[in-house]
Amino acid sequence: MIKNTKTDLPQEELERAKKIILDLQAETALLTDKGYGPFLAAIYDDKGNLVAKRANSVAQEQCCLNHAEVNTIRQAHEKLKTYDLAPYNLSIYVTAEPCVMCMGAIMWSGIKRIFYGVNSSDVEAITGFDEGFKPGWFEAFAKRGIEVYGEIEPEAGKKVLKDYIAKGKEVYKPSCQRGK
Ligand SMILES: [Zn+2]
């Protein structure tokens with residue numbers, strides 16, 4: 001059952017979102033073998049054109065800010081040369097639910113719609129990543145006119161995360177949070 005803040009999304013848009021998320025999951029599986037984290041985001045305009053796409057590069061670039069969503073939003077700002085993405089009517093597609101940092105970044109970016117794959121609770125259960133605290137974020141985003149659609153093709157995303165762990169890849173978190 002797809003979670004959402006708005007129920008009137010046309011079926012064709014939902015089908016398109018499913019395809020994009022599945023493609024992102026497949027690409028994520030390849031990118032993790034190149035040193036990227038197991039998360040990928042893409043931003044599309046309302047005509048279906050790809051504006052930006054980047055993976056999580058926290059471990060690769062040694063920067064805790066470099067989650068897939070933040071990397072992708074930064075790329076969109078650089079490409080469109082504006083801090084306000086709202087006039088472009090953009091959607092962000094992410095392989096997993098945004099963490100507390102990315103939730104904030106999306107809110108400030110002007111992106112209008114979020115589509116994501118795996119729930120944060122499942123990401124945490126499978127991997128041990130800490131996704132932060134996001135009480136009532138669906139409602140908070142709805143109030144700001146940002147639509148959220150979650151749990152899109154979650155099984156494909158869970159498999160990518162399980163494979164990441166099975167391969168013994170890094171679950172990066174600050175040392176003060178390890179060993180809990
Ligand atoms: Zn994040």
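Biologist: Two strands pair if DSSP finds at least two bridges between them. With that settled, which residue in β5 is the bridge partner of Ser91?

Modeller: Arg113 is the partner of Ser91. Keep in mind that this is a predicted model.

Biologist: Noted. Do β4 and β5 pair in the parallel or the antiparallel sense, and over how many bridges?

Modeller: Parallel, with five bridges between β4 and β5.

Biologist: How does the chain get from β4 to β5, and is the crossover right-handed or left-handed?

Modeller: The path runs through helix α4, residues 100-109, and this β-α-β crossover is right-handed.

Biologist: And β2, how many bridges join it to β4?

Modeller: Four, and here the two strands run antiparallel. β2 covers residues 40-44. Within that pairing, Ala41 of the protein stands opposite Val94 in β4.

Biologist: So how many residues of β4 are buried?

Modeller: Six of the six, so β4 is largely enclosed by the rest of the structure.

Biologist: Where do side chains point in a regular strand?

Modeller: They alternate between the two faces of the sheet.

Biologist: Change of topic, helix α5. Which of its residues are buried?

Modeller: Helix α5 spans residues 120-127, and its buried residues are Ser120, Val123 and Thr127. Looking down the axis of α5, these buried residues fall within an arc of 60°, so they line one face of the helix.

Biologist: What sits on the face of α5 turned away from the buried side?

Modeller: That face carries Ser121 and Ala125, which are exposed.

Biologist: And what covers the buried residues of α5?

Modeller: The cover includes two strands and a helix: β4 (91-96), β5 (113-118) and α7 (154-166).

Biologist: What does Gly128 do just after α5?

Modeller: Gly128 takes a positive phi, about 90°.

Biologist: Let's zoom out. How many helices and strands does the protein have?

Modeller: Seven helices and six strands. Along the sequence their order is β-α-β-β-α-α-β-α-β-α-α-β-α. The radius of gyration is 15 Å, close to the 16 Å that the globule rule gives for 180 residues, so the protein is as compact as a globular protein of that length.

Biologist: What does the C-alpha trace span along its principal axes?

Modeller: About 40 × 35 × 30 Å.

Biologist: What share of the 180 residues is buried?

Modeller: 39% of them are buried.

Biologist: Last one, on contacts with a separation of 6 or more. What share comes from residues 24 or more positions apart?

Modeller: Such residues account for 66% of those contacts.

How values were computed: Residues are numbered from 1 along each chain as its sequence is written. This is a predicted model: local features need pLDDT of at least 70, side-chain atom pairs count only at pLDDT 80 or more; totals for chains, interfaces and linings use all residues. A residue is buried if 20 or more other C-beta atoms lie within 10 Å of its own, exposed if 12 or fewer, and partly exposed in between; C-beta atoms are placed from the backbone. The arc is that of the directions from the helix axis to the C-beta atoms. Two residues are in contact if their C-beta atoms, placed from the backbone, lie within 7 Å. The radius of gyration is taken over C-alpha atoms; the globule rule is 2.2 Å times the number of residues to the power 0.38. A crossover is right-handed if, with the strands pointing away from the viewer, the path from the first strand over the helix to the second runs clockwise.
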